[in-house]
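Here's a walk through one small set of side chains and who they sit beside. Have the structure open while you read.

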Amino acid sequence: EREKIWALLTGLQRKIDSIEHAMQLAEAGAYGKCQSCQEVIDPARLEILPHATLCLRCQREFERQSRRARP
């Protein structure tokens, strides 16, 4: 049960960190720009995931590379 609670808390902390980062980007005038390719992130993506920092194309590439890096 403790592991379950720990996993939930860890997930929530990651989300909080992600939202805080998005707020910093907004303050810097960079919100809505992909942090990888600098293209504008689709507003529909931001509507669903307001703290997204990568466009869908770059997110997919990031996930693909992450899967390859795992043993």
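Let's start with a charged pair: Glu61 forms a salt bridge with Arg64, and their closest N and O atoms are 3.2 Å apart. Keep in mind that this is a predicted model. The two residues are 3 apart in helix α3, so about one helical turn separates them. Glu61 is partly exposed, with a relative accessible area of 31%, and Arg64 is partly exposed too, at 38%. A search of the whole structure finds 1 salt bridge.

**A buried arginine without a partner**

What about Arg45, buried but with no salt bridge: how far away is the nearest side chain of opposite charge? That side chain belongs to Glu63, and the distance is 6.5 Å. A salt bridge here needs nitrogen and oxygen within 4 Å, so at 6.5 Å Glu63 doesn't make the cut for Arg45. Arg45 sits in helix α2, which covers residues 43-48. Its side chain does find something polar, reaching the backbone oxygen of Leu54 at 2.9 Å. Looking past residues up to four places away in sequence, Arg45 touches Ala52, Leu54, Cys55, Leu56 and Gln59.

Gln59, one of those contacts, is in helix α3. Gln59 is buried, with a relative accessible area of 19%; the cut-off for buried is under 20%. Setting aside residues up to four places away in sequence, Gln59 touches Arg45 and Leu54. Gln59 and Cys34 are 25 residues apart in sequence, while their C-alpha atoms are 9.4 Å apart in space.

**The core and its cysteines**

That brings us to the largest nonpolar core. Its 7 residues are Cys34, Ile41, Leu46, Ala52, Leu54, Cys55 and Cys58. In general, nonpolar side chains tend to be buried together in soluble globular proteins.

Cys34 is buried, with a relative accessible area of 0%. Not counting residues up to four places away in sequence, Cys34 touches Glu39, Ile41, Thr53, Leu54, Cys55 and Cys58.

With several cysteines in that core, how many disulfides are there? The count comes to 0. For Cys34, the closest cysteine sulfur is that of Cys58, and at 3.7 Å it is too far for a bond, because a disulfide calls for sulfur atoms within 2.5 Å. Cys55 is in no disulfide either; its nearest cysteine sulfur also belongs to Cys58, 3.6 Å away.

Cys55 is buried, with a relative accessible area of 9%, and lies in the loop between α2 and α3. Leaving aside its neighbours within four places in sequence, Cys55 is in contact with Cys34, Cys37, Ile41 and Arg45. The C-alpha atoms of Cys55 and Lys33 are separated by 7.8 Å, with their positions 22 residues apart along the chain.

**Loop residues**

Now for the loops. Tyr31 is in the one between α1 and α2 and counts as partly exposed at 35% relative accessibility. The side chain of Tyr31 reaches the backbone oxygen of Pro50 at 2.5 Å. Neighbours within four places aside, Tyr31 is in contact with Ala22, Leu25, Ala26, Leu46 and Pro50. Tyr31 and Ala52 are 21 residues apart along the chain, with their C-alpha atoms separated by 9.1 Å.

Gln38 is also in the loop between α1 (2-27) and α2. What stands out there is the backbone: phi of Gln38 is near 70 degrees, a positive value in a residue other than glycine. Gln38 counts as partly exposed, at 44% relative accessibility.

His51 is in the loop between α2 and α3 (56-69). Is His51 buried or exposed? It counts as buried, at 16% relative accessibility. Beyond its neighbours within four places in sequence, His51 is in contact with Lys15, Ser18, Ile19 and Ala22.

**Long-range pairs at a glance**

Here are the C-alpha pairs from above in one place.

| Pair | Separation along the chain | C-alpha distance |
|---|---|---|
| Tyr31 and Ala52 | 21 residues | 9.1 Å |
| Cys55 and Lys33 | 22 residues | 7.8 Å |
| Gln59 and Cys34 | 25 residues | 9.4 Å |

Technical notes: Residues are numbered from 1 along each chain as its sequence is written. This is a predicted model: local features need pLDDT of at least 70, side-chain atom pairs count only at pLDDT 80 or more; totals for chains, interfaces and linings use all residues. Side-chain values use heavy atoms; hydrogens and water are left out. A nonpolar core is a set of buried Ala, Val, Leu, Ile, Met, Phe, Trp, Tyr and Cys residues joined through side-chain atoms within 4.5 Å. Buried means under 20% relative accessible area, exposed over 50%, partly exposed in between (1.4 Å probe, protein chains only). Contact means heavy atoms within 4.5 Å. Helices (H or I, at least four residues) and strands (E, at least two) are DSSP runs, numbered from the N terminus. Lys and Arg count as positive and Asp and Glu as negative; His and the chain ends are not counted. A polar contact is a pair of N or O atoms within 3.5 Å; within protein, one must be able to donate a hydrogen and the other to accept it, and residues adjacent in sequence count only if both atoms are side-chain atoms.
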